[in-house]
Amino acid sequence: MRDDQFREILRFFGLSWEGYRRVRRGVKKRLQVHMLGLGARSVKEYLTRLEADAAEREEAEGLVTVSISRFFRDIGLWHSLGSEVLPERIRTEEKRIRVWSAGCGCGEEVYSFRILWQALDGRIGDLPELDLWATDANPAYLEKADKGVYGASSLKELPDEWRTACFERKPRGNRFALHGDLKAGIRWRVHDLVREAPPAGGFHLVFLRNNLLTYYDKKLRDPAFRRIVSALGPEGILVIGKKERLPNEGGVFVPLTNCPFTYKKVG
Ligand SMILES: C[S@@+](CC[C@H](N)C(=O)[O-])C[C@H]1O[C@@H](n2cnc3c(N)ncnc32)[C@H](O)[C@@H]1O
């Protein structure tokens, strides 16, 4: 598939050409197979078909979704969250900490948070109640998250002692199953960041990493970002991806100097 054809498909879905730079080849291949399967001889024909057929459109949307993730992705972030940001928040927040992993993929991000929280429980003790939300537009990813079984490459940033403490190695296939107690108490929801209001409000911490801010065009991204910001409580903390930037939309943030890719809402 040529670049201009791929651009046309991205435009159709309101997605960003720049955001797809690093994953272009794989996504193009998937779309090409789908196009051929539908017997579409040109991108124009393909898009006309998608417009007329909701199920095929949904299928194509799934094909342009990127689910790459891993536990403790950008490990420096998690070190700072665990050593500074969360202990400070826990000191000032007595009752309940509300956290949302928005566009959570197959669960690696929210389970990383759960593991970190368990470690804090051992270190600080007497933690507030944790209200932990994990949402994604793709129900298949949430099903995978629910199983909680991952390949070794998903665990490559996980400190060794946590790998041993939190996972059971499966007898075959170099795969690891997360312990059941770490899966409990997470509110999983199918939720579309672009088309739906946030699932709740008053969050102390929102992870919005490697999805909306990377893959969507301004037109879809900015209103969705405003809604997500409004779901953060006063002084709420927003974590974005390593290669992402905050749009100039929806509230005032200051970067946290002690934690990378992390911002505090101040307006
Ligand atoms: C690359 S993964 C990122 C997972 C995790 N946040 C991380 O950084 O490791 C992108 C995820 O965003 C989800 N996503 C993309 N568009 C979305 C939307 N409009 N609403 C909800 N989730 C979306 C995808 O389904 C995918 O699971």
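**Reading the ligand site and the sheets**

Me: Which residues come nearest to the ligand in this structure?

Reply: This is a predicted model. Of the 20 residues around the ligand, those that come nearest are S69, R73, D136, L193 and N210.

Me: How many residues of each class does the shell around the ligand have?

Reply: The shell has five charged, eight polar and seven nonpolar residues.

Me: Which protein atoms should be read as polar partners of the ligand?

Reply: The general idea is to look for pairs of N or O atoms within 3.5 Å. In this case, an N or O atom in the side chain of R73 is 2.9 Å from an oxygen atom of the ligand. The backbone also takes part: a nitrogen atom of the ligand lies 3.0 Å from a backbone N or O atom of G103, and a polar backbone atom of R209 is 3.0 Å from a nitrogen atom of the ligand. On its own the ligand has 610 Å² of accessible area, of which the protein covers 96%.

Me: Turning to the sheet of seven strands, what is its order, and why is one side of strand 6 and of strand 9 left without a neighbour?

Reply: In a regular strand the side chains alternate between the two faces of the sheet. Here the sheet is open, has mixed pairing and follows the order 6-2-1-7-8-10-9. Strand 6 (186-190) and strand 9 (253-255) stand at the edges with a single partner strand each, so each has one side without a neighbour in the sheet. From one strand to the next, the twist averages 20°.

Me: How does strand 9 join strand 10?

Reply: The two strands run antiparallel and are joined by three bridges, with strand 10 spanning residues 262-265. V254 has K264 in strand 10 as its bridge partner.

Me: Which strands do helix 5 and helix 11 meet?

Reply: Helix 5 (residues 75-92) lies across strand 1 (96-102), strand 7 (203-208), strand 8 (232-240) and strand 10, and runs at about 170° to strand 8. Helix 11 (residues 218-230) also packs on the sheet, where it touches strand 1, strand 7, strand 8, strand 9 and strand 10. The direction of helix 11 makes about 130° with that of strand 8.

Me: Which strands pair with strand 5?

Reply: Strand 3 (residues 149-151) pairs with strand 5 (residues 175-178) in the antiparallel sense over three bridges, and G151 stands opposite R175. Strand 4 (residues 167-169) likewise pairs with strand 5 in the antiparallel sense over three bridges, with R169 opposite F176. The hairpin of strand 4 and strand 5 has five residues between the strands, and G173 in this hairpin takes a positive phi near 80°.

Key: Residues are numbered from 1 along each chain as its sequence is written. This is a predicted model: local features need pLDDT of at least 70, side-chain atom pairs count only at pLDDT 80 or more; totals for chains, interfaces and linings use all residues. Side-chain values use heavy atoms; hydrogens and water are left out. A residue is near a molecule or strand if one of its heavy atoms lies within 4 Å of it. A polar contact is a pair of N or O atoms within 3.5 Å; within protein, one must be able to donate a hydrogen and the other to accept it, and residues adjacent in sequence count only if both atoms are side-chain atoms. Accessible areas come from the Shrake-Rupley method with a 1.4 Å probe; for residues, only the protein chains shown count as cover. Ala, Val, Leu, Ile, Met, Phe, Trp, Tyr, Cys and Pro count as nonpolar, Asp, Glu, Lys and Arg as charged, and the others, Gly among them, as polar. Two strands pair if DSSP finds at least two bridges between them. Helices (H or I, at least four residues) and strands (E, at least two) are DSSP runs, numbered from the N terminus. Axes are lines fitted to C-alpha atoms, for helices over the stretch in contact, and angles run from 0 to 180 degrees between N-to-C directions. Contact means heavy atoms within 4.5 Å.
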